[in-house]
Amino acid sequence: MALDGIRMPDGCYADGTWELKMHVTDLNRDVSLRVTGEIHIGGVMLKLVEKLDVKKDWSDHALWWEKKKTWLLKTHWTLDKYGIQADARLLFTPQHKLLRLQLPNMKHMRVKVNFSDRVFKAVSDICKTFNIRHPEELSVLRKPRDPKKKKKKLEEAEEEALELEGPLLTPGSGTSRIMSLISGSIYSSPGLYSKTMTPTYDSRDGSPLSPTSAWFGGSPLSEGNPSILAVSQPITSPDILVKMYKPQSLLDKAKINQGWLDSSRSLMEQDVKENEVLLLRFKYHSFFDLNPKYDAIRVNQLYEQAKWAILLEEIECTEEEMMMFAALQYHINKLSIMSSENHMNNSEKEIDEVDAALSDLEITLEGGKTSNTLGDITSIPELADYVKVFKPKKLTLKGYKQYWCTFKDITISCYKSREEAHGTPAHQMNLRGCEVTPDVNISGQKFNIKLLIPVADGMNEIWLRCDTEKQYAQWMAACRLASKGKTMADSSYSLEVQNILSFLKMQHMNPDPQIIEPITTDINPECLVSPRYLKKYKNKQPGFVRDLISGRILEAHQNVAQMSLIEAKMRFIQAWQSLPEFGMTHFLAKFQGGKKDELIGITYNRLIRMDASTGDAIKTWRFSNMKQWNVNWEIKMVTVEFADEPSLAFICAEVDCKVVHEFIGGYIFLSTRAKDQNESLDEEMFYKLTSGWI
């Protein structure tokens, strides 16, 4: 029954009704309704639609309370329960709005995103539309601002956008479904893993095995040729690199991470506007079940994110590594063009599905081939060899001393000679929780391993020098496992050794110059290496520099020339993962008891206290040793408690501590994933681990 109200001589109403003001964004029209505090939100929307008397599908609309920055999605709640009074101004607006997403390949896509869903759910739906598995690894952040450029100029420098318009979800129609549809989504999040998945892509070049409409479902994006997301697009001009923002220091890298959105709040709650540009990126560097058969788009976008991280100098690498990355880029660019041409001419392929399934089984099970013989499973492998050891001290040059070293379990014991190996070691190092950093120069035959071993008052620095690539690969793999508390008996040891050897092999310069292809103009070295390596030759003639770098890239290309397209992308990703700084997210923080700002680095398995000027690790804490972590929301202090170490407390500078809290909880959430899980993502567990108790 309509509430007309009984107006008294003083202008007030005696029946308890009051005027609620609303703005309908689609019509740019203000509307007032007479209501009481006992009317529920669904009833308000129905009364509003009746009063508007406009024939339109309002099913995707909901009420937004501007002052409180909250969606009124609980349609059975009353105005009193929400605390809404006559001074409130509500917006009646669509939940799905257009957003410009910059993907890891730097291309822009215009998509409709649910602005009322929590960001974690919105990203899951975006990934479902783009056919990217494991959306829990991705999130969105705001674009970093280059302080050297004005905002307008920065926007003008953006790459040409790839516009694909279409809703992620398909809301129902008619006002009769408002209450049932507004409160929830009709799509569930993609599952973690499925044992019955049908291969979707060719494992050689990543092309779809089935029609586009089948592998993108009924999404409207299929009308805009979304298969381009699986194709690498080369950088066409060096000017693109010049215009893009490049962090100049560790502090700049830390500032980029201010932009991550809160995964437990909606886009609208975080002041994201319609048509705003957000960056879709792999946030958590822990890539689960990466399989070319199902993940061509995911693999390509990961490759693109790695490529841009290297070119924009967001992650450090040596000159030899840079040439290897450039050679892989050049190879991928060539094969991508050839693959596109082949698929234009050949619409059908003959595929032996049985052979494909069998060959893929090895990749799916444990990530690599297994040995034919299991060996003695009761014994733990050991390493024993002469290794040069150096413990740096202040004001001393690097003087390595040779020891007979044995590596048992997670401990390295150093003896003066092989004959004394049964006695008391001169030095002994337990590597659990240590930082392991490579220091390799292939051309100089330098194979060093830098170890930062945690002690009560910080970290002990030890350097190991190996004589050969094989020795280095074995000891480096053992050190990496030991830092995680694992021994060489772990099934991943032999695979890690092979990955290190293949990474080194790709950096070798080819001794036979006759087989190098002639230098052609299509190589564009300025688009394949970071500006730092071009500046190295700034006093040389441009033509000379171009030919010099092109020659080095072609020389390195001989080591990767036989790879298939998808293999080259996977190798690029693996090489990126092998870099010392891979997966490190930096934040500026002030530690309890500290006098100056320092850096805290977060990776998939540890927290690292770092020197803000040099980036050197001061102390490392493993998540596996962590009992709990909390936030004091009043003073914005993060406190982490450990099983057998003093607790850690710090206040975040220039970023909300919620962002740091979410990184810690997110990595712990990702560590719970297992291949025998078929259920969908446990969103509530993610929120419990990441959102805190606010």
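In this predicted model, strands S3 (residues 61-65) and S4 run antiparallel and are joined by two bridges. Within this pairing, Trp-64 stands opposite Trp-71 of S4, a handy landmark when tracing the two strands on screen. Both strands belong to an open sheet of five strands, arranged in the order S2-S1-S5-S3-S4 with mixed pairing. Strand S2 (29-35) and strand S4 (70-71) each have a single partner strand and stand at the edges, so one side of each is left without a neighbour in the sheet. Helix H1 (residues 41-52) lies across four members of this sheet, namely strand S1 (18-24), S2, S3 and strand S5 (89-94). Relative to S2, the helix runs at about 125°.

It helps to set this sheet against the chain as a whole. The chain has 694 residues, of which 51% count as buried, and its secondary structure comprises 18 helices and 23 strands. Where contacts link residues at least 6 apart in sequence, 65% of them join residues at least 24 apart.

Attention now turns to empty space. A probe the size of a water molecule, rolled over the atoms, reveals where such space remains. The second largest pocket holds about 910 Å³ of space. Its lining is made up of 40 residues, and those closest to the centre of the pocket are Met-106, Ile-256, Arg-281, Leu-312 and Glu-314. By residue class, the lining divides into 22 nonpolar, eight polar and 10 charged residues. Several elements each supply at least two residues of this lining: helix H7 (238-243), helix H8 (250-256), strand S9 (277-282), helix H9 (296-311) and strand S17 (585-591). Of these, H9 provides the largest share, with four residues.

A single residue, Thr-406, offers a closer view of another part of the chain. Thr-406 is found in strand S11 (residues 401-408). Is this threonine buried or exposed? The relative accessible area of Thr-406 is 11%, and because buried means under 20%, Thr-406 is counted as buried. Once neighbours within four places in sequence are left aside, the residues in contact with Thr-406 are Leu-383, Ala-384, Thr-411, Ile-412, Ser-413, Tyr-415 and Trp-475.

Key:
Residues numbered from 1 in each chain as written. Predicted model: local features only at pLDDT ≥ 70, side-chain atom pairs only at ≥ 80, totals over all residues. Heavy atoms only, no water. Pairing = 2+ DSSP bridges. Contact = heavy atoms within 4.5 Å. Axes fitted to C-alpha atoms, helices over the stretch in contact; angles between N-to-C directions. 1 Å grid on protein atoms, 1.4 Å probe; cavity = no way out; pocket = protein on both sides within 12 Å on 5 of 7 lines; lining within 4 Å. Points joined across faces, edges and corners; volume = space filled by probe spheres on them. Nonpolar A, V, L, I, M, F, W, Y, C, P; charged D, E, K, R; others polar. Buried < 20%, exposed > 50% of the residue type's maximum accessible area, 1.4 Å probe, protein only.
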